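Work through the exercises below with the model open beside you. Each task is followed by its solution, step by step.

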Amino acid sequence: FALTGVLLLTLASDHIDWIGLDHCVRFLLVGISETAEFQHLECFMRELEGLPTFSKRVVSIPADEWDEWLAAKIKKERWEHQNYSGKLLVVREPAFRGGDALFVGGAKELREYAKRYYEMTPQCPWSAAEILAAEEVESQT
């Protein structure tokens, strides 16, 4: 017996929607959490997580390990993005089935993806992301 879908009850319209698990996507955010860009994108991903076909996983890499980790990840996954030098990385992973992880890019690319597929843009203000980043820096010292 294999679980092949998830049942969602929509109370507002009093009907049942069937959304296959094959359509659920998990995004992996990896980066240096002490940056405002990382904090802003994590906040946006929390907003997207309210959607039935979106889930996220977040991993923070210490700043002094980032470049080495990024180079190893790109090589391991055989991505053709050897010149990528951002301080965060977004990967689209199949959530409930096998397959390769797909390199999405950075914050800009995830925002473009979300706007296109979910018709959503970030609601989290940059000022809040800057405060969270400063708190991350403080907690590291």
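**Exercise 1. Is W69 buried, exposed or partly exposed, and what does W69 touch?**

Step 1. This is a predicted model, and W69 sits in helix 2.
Step 2. Take the relative accessible area of W69, which is 26%. Buried requires under 20% and exposed requires over 50%. W69 is therefore partly exposed.
Step 3. Set aside residues up to four places away in sequence. W69 then touches V30, I61 and L89.
Step 4. Check one long-range distance. W69 and G31 are 38 residues apart along the chain, and their C-alpha atoms are separated by 9.8 Å.

**Exercise 2. Classify W79 as buried or exposed, and list its contacts.**

Step 1. Locate W79 in the loop between helix 2 and strand 5.
Step 2. The relative accessible area of W79 is 8%. The cut-off for buried is under 20%, so W79 is buried.
Step 3. Leave aside neighbours within four places in sequence. W79 is in contact with K73, I74, L89, V91, A101 and F103.
Step 4. Pick A101 from that list. A101 and W79 lie 22 residues apart in sequence, with a C-alpha to C-alpha distance of 9.5 Å.

**Exercise 3. Lay out the open sheet: what is its strand order, and which strands are at the edges?**

Step 1. Start from the whole chain. There are four helices and six strands. From the N terminus they run β-β-β-α-β-α-β-β-α-α.
Step 2. Read off the order. The open sheet has four strands, arranged 4-3-5-6, and its pairing is mixed.
Step 3. Find the edges. Strand 4 and strand 6 (102-105) each pair on one side only, which makes them the edge strands.
Step 4. Add the twist. Ignoring direction, neighbouring strands of this sheet are turned by 25 degrees against each other on average.

**Exercise 4. How is strand 3 paired, and is strand 3 buried or exposed?**

Step 1. Take strand 4 (residues 54-60). Seven bridges join strand 4 to strand 3, and the two run parallel. L29 has V58 as its bridge partner in strand 4.
Step 2. Take strand 5 (residues 88-94). Seven bridges join strand 5 to strand 3, here with antiparallel direction. V30 has L89 as its bridge partner in strand 5.
Step 3. Add the helix. Helix 2 (residues 66-77) packs on the sheet and touches strand 3 and strand 5. The direction of helix 2 makes about 35 degrees with that of strand 5.
Step 4. Check burial. Six of the seven residues of strand 3 (residues 25-31) are buried, so strand 3 is largely enclosed by the rest of the structure. Across the chain of 141 residues, 35% count as buried.

**Exercise 5. Describe the packing of helix 1 and helix 3.**

Step 1. Get the geometry. Helix 1 (residues 36-48) and helix 3 (residues 107-118) pack at about 20 degrees, and their axes are 11 Å apart.
Step 2. Apply the cut-off. Angles under 35 degrees count as roughly parallel. Helix 1 and helix 3 are therefore roughly parallel to each other.
Step 3. State the hand: the crossing of helix 1 and helix 3 is left-handed.
Step 4. List the contact. Helix 1 contributes E37, H40, L41, F44, M45 and L48, while helix 3 contributes A107, L110, R111, A114 and Y118.
Step 5. Sort these residues. Eight are nonpolar, one is polar and two are charged.

**Exercise 6. Two loop residues, S33 and E119: is each buried or exposed?**

Step 1. S33 is in the loop between strand 3 and helix 1. Its relative accessibility is 5%, so S33 counts as buried.
Step 2. Not counting residues up to four places away in sequence, S33 touches F38, Q39, S60, A133 and E136.
Step 3. E119 is in the loop between helix 3 and helix 4 (126-140). At a relative accessible area of 73%, E119 is exposed.
Step 4. Inspect the backbone of E119. Phi is positive, about 55 degrees, although E119 is not a glycine.

**Exercise 7. What share of the contacts joins residues at least 24 apart?**

Step 1. Keep contacts between residues at least 6 apart in sequence.
Step 2. Of these, 57% join residues at least 24 apart.

Terms used:
Residues are numbered from 1 along each chain as its sequence is written. This is a predicted model: local features need pLDDT of at least 70, side-chain atom pairs count only at pLDDT 80 or more; totals for chains, interfaces and linings use all residues. Side-chain values use heavy atoms; hydrogens and water are left out. Axes are lines fitted to C-alpha atoms, for helices over the stretch in contact, and angles run from 0 to 180 degrees between N-to-C directions. Angles under 35 degrees count as roughly parallel, over 145 as roughly antiparallel, 65 to 115 as roughly perpendicular and the rest as oblique. A crossing is left-handed if the near helix is turned anticlockwise from the far one by less than a right angle, and right-handed if clockwise. Contact means heavy atoms within 4.5 Å. Ala, Val, Leu, Ile, Met, Phe, Trp, Tyr, Cys and Pro count as nonpolar, Asp, Glu, Lys and Arg as charged, and the others, Gly among them, as polar. Buried means under 20% relative accessible area, exposed over 50%, partly exposed in between (1.4 Å probe, protein chains only). Two strands pair if DSSP finds at least two bridges between them.
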